[in-house]
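Me: I should like to learn how to read several features of a protein model. Please give the general idea each time, and then the case at hand.

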Amino acid sequence: AVIVVVLQRHSVMAIGSFYADPTLAPVICVLSLVALISGFESTRVALAERNLAQRAVVQMEILSLVCGVVCMVCWALIDRSIWALVSGGVVGALVRLALSHLWLPGAKDVLAWDGQVAREMLTFGKWVFLSSALGFAVNSGDRLMLGGMVIPELLGLYAIAFLIVDSVTQVLSKLLGAVSFPALSEIARERPAQLREVYYRFRFMFDGLALFSCGALFMAGERLVMLLFDSRYQSAGHIVEVLAISLFFVRYGVAEMCCLVLNKPQVLSMQVAVRGVALYAGVPLLFSVFGFNGAIWAIALHKAFSLLPVLFFFFFNGLLDLKKEIYGLAALPVGLAVGGGFNFLFSII
């Protein structure tokens with residue numbers, strides 16, 4: 001936030017861009033409290049997820065989300081500003097913090113130091129930290145760059161389209177973290193010979209969800225936006241259809257989980273690095289040639305490059321099955337057909 005203020009005062013930010021808005025710095029300051037609050041959540045959350053005790057965790061998350069939304073709506077009724085969204089995020093984090101200590105079963109958390117755990121975090125954890133830091137820069141890179149390239153109106157349209165497509169990604173990511181990672185970890189520890197078989201069982205499910213959504217949104221994204229939003233936001237429909245292509249690559253999140261359970265987080269760091277190069281090089285390049293639409297296509301396709309390190313790792317470790325990779329594509333034409341059917345019904349109605 002301090003850097004943003006300094007750059008604004010020295011007129012480094014483009015006039016009229018998102019980064020020139022004077023409310024940006026204070027919003028960053030307040031939202032940073034969410035990270036601080038989350039750091040004090042109970043370790044019972046991680047323990048419950050590892051033991052696949054999802055009921056209590058989901059209940060906790062729903063309650064915290066409801067409280068955040070209620071706060072957001074109440075604030076918006078009084079003051080229609082960005083602070084309504086900010087307040088909802090902070091209140092939701094506070095409620096989740098309290099529930100993590102009071103709602104979930106388990107031993108009480110106390111401050112402690114464990115040298116062995118610290119050493120494990122510095123060895124195994126350094127790669128996780130690196131991939132997480134790079135992951136943030138990559139996962140947020142589209143909005144970070146577009147904020148300085150386009151006017152706020154176009155950025156708002158992109159944000160709406162991104163929200164629609166990212167909702168599918170978030171659902172799949174939640175399933176990955178809550179279901180596949182604990183299960184694959186147990187298989188890798190106790191029955192490593194069955195890891196490939198179990199991996200493709202999960203892949204079958206995730207391929208179906210991701211590819212079906214990819215095909216459906218690619219075909220019907222524009223009509224979906226017409227159904228959900230008024231005429232001011234219709235241009236977001238084309239953006240949804242292009243960004244839907246990125247869902248084709250989301251299904252390989254199960255492969256990323258396998259790299260972690262096999263104690264190979266460096267593969268993920270390499271993957272994120274490749275993806276970052278593709279994103280930060282491709283978006284400015286295509287934007288300079290084709291404008292905003294070129295940048296959208298670069299964002300949608302940059303994940304394709306990041307698959308190479310993971311696929312090479314799977315190939316050389318005997319985990320890759322080309323037949324099952326092809327079988328998983330069956331959900332894509334189904335999604336395309338459903339999206340086309342939705343368009344047909346929409347045109348009739």
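Me: Which helix gives the largest share of the lining of the second largest pocket?

Reply: Rolling a probe the size of a water molecule over the atoms shows where empty space is left. The search uses a 1 Å grid over the protein atoms alone: a cavity is a set of points where a 1.4 Å probe fits but cannot get out, whereas a pocket is an open set with protein on both sides within 12 Å along at least five of seven lines, and lining residues have an atom within 4 Å of a point. In this predicted model, helix α4 gives the largest share of the lining of the second largest pocket, six residues. Both α4 (54-78) and α5 (82-102) contribute at least two residues to that lining. Helices (H or I, at least four residues) are DSSP runs, numbered from the N terminus.

Me: Which residues line the second largest pocket, and how do they divide by character?

Reply: The lining consists of V34, E61, S64, L65, G68, V69, M72, G88, G89, G92, A93 and R96. Five of these residues are nonpolar, five polar and two charged, where Ala, Val, Leu, Ile, Met, Phe, Trp, Tyr, Cys and Pro count as nonpolar, Asp, Glu, Lys and Arg as charged, and the others, Gly among them, as polar. The space in the second largest pocket is about 260 Å³; grid points are joined across faces, edges and corners, and the volume is the space filled by probe spheres set on the points.

Me: What conventions apply to the numbering and to the model?

Reply: Residues are numbered from 1 along each chain as its sequence is written. The model is predicted, and local features need pLDDT of at least 70, side-chain atom pairs count only at pLDDT 80 or more, and totals for chains, interfaces and linings use all residues, while side-chain values use heavy atoms, with hydrogens and water left out.

Me: Where does helix α9 bend?

Reply: The bend at a residue is the angle between axes fitted to the seven residues ending there and the seven starting there. Helix α9 bends by about 70° at A220. The end C-alpha atoms of α9 (residues 195-228, 34 residues) are only 42 Å apart, short of the 50 Å that a straight helix would reach at 1.5 Å a residue. That expected span is 1.5 Å times one less than the number of residues.

Me: How many aromatic pairs does the structure hold?

Reply: A pair of aromatic rings is described by the distance of the centres and the angle of the planes. Rings of Phe, Tyr and Trp (its six-membered ring) pair if their centres lie within 6.5 Å; planes under 30 degrees apart count as stacked, over 60 as edge-to-face and the rest as tilted. The structure holds nine such pairs. F248 and F249 form an edge-to-face pair, because their ring centres are 5.4 Å apart and their planes stand at 80°. The rings of F342 and F346 have centres 6.2 Å apart and planes at 35°, so this pair is tilted. F342 and F346 are four residues apart in helix α17 (residues 331-348), separated by about one helical turn. One aromatic cluster is formed by Y199, Y200, F313 and F314.

Me: Is F249 buried or exposed?

Reply: Buried means under 20% relative accessible area, exposed over 50%, and partly exposed in between (1.4 Å probe, protein chains only). F249 is buried, at 14%, and F248 is partly exposed, at 24%. F342, at 30%, is partly exposed, and F346, at 26%, is partly exposed.

Me: Where does L104 lie, and how far is L104 from V57?

Reply: L104 belongs to the loop between α5 and α6 (115-139) and is buried, with 3% relative accessibility. L104 and V57 are 47 residues apart in sequence, and their C-alpha atoms are 7.4 Å apart in space. L102, by contrast, is located in helix α5 and counts as exposed at 73% relative accessibility.
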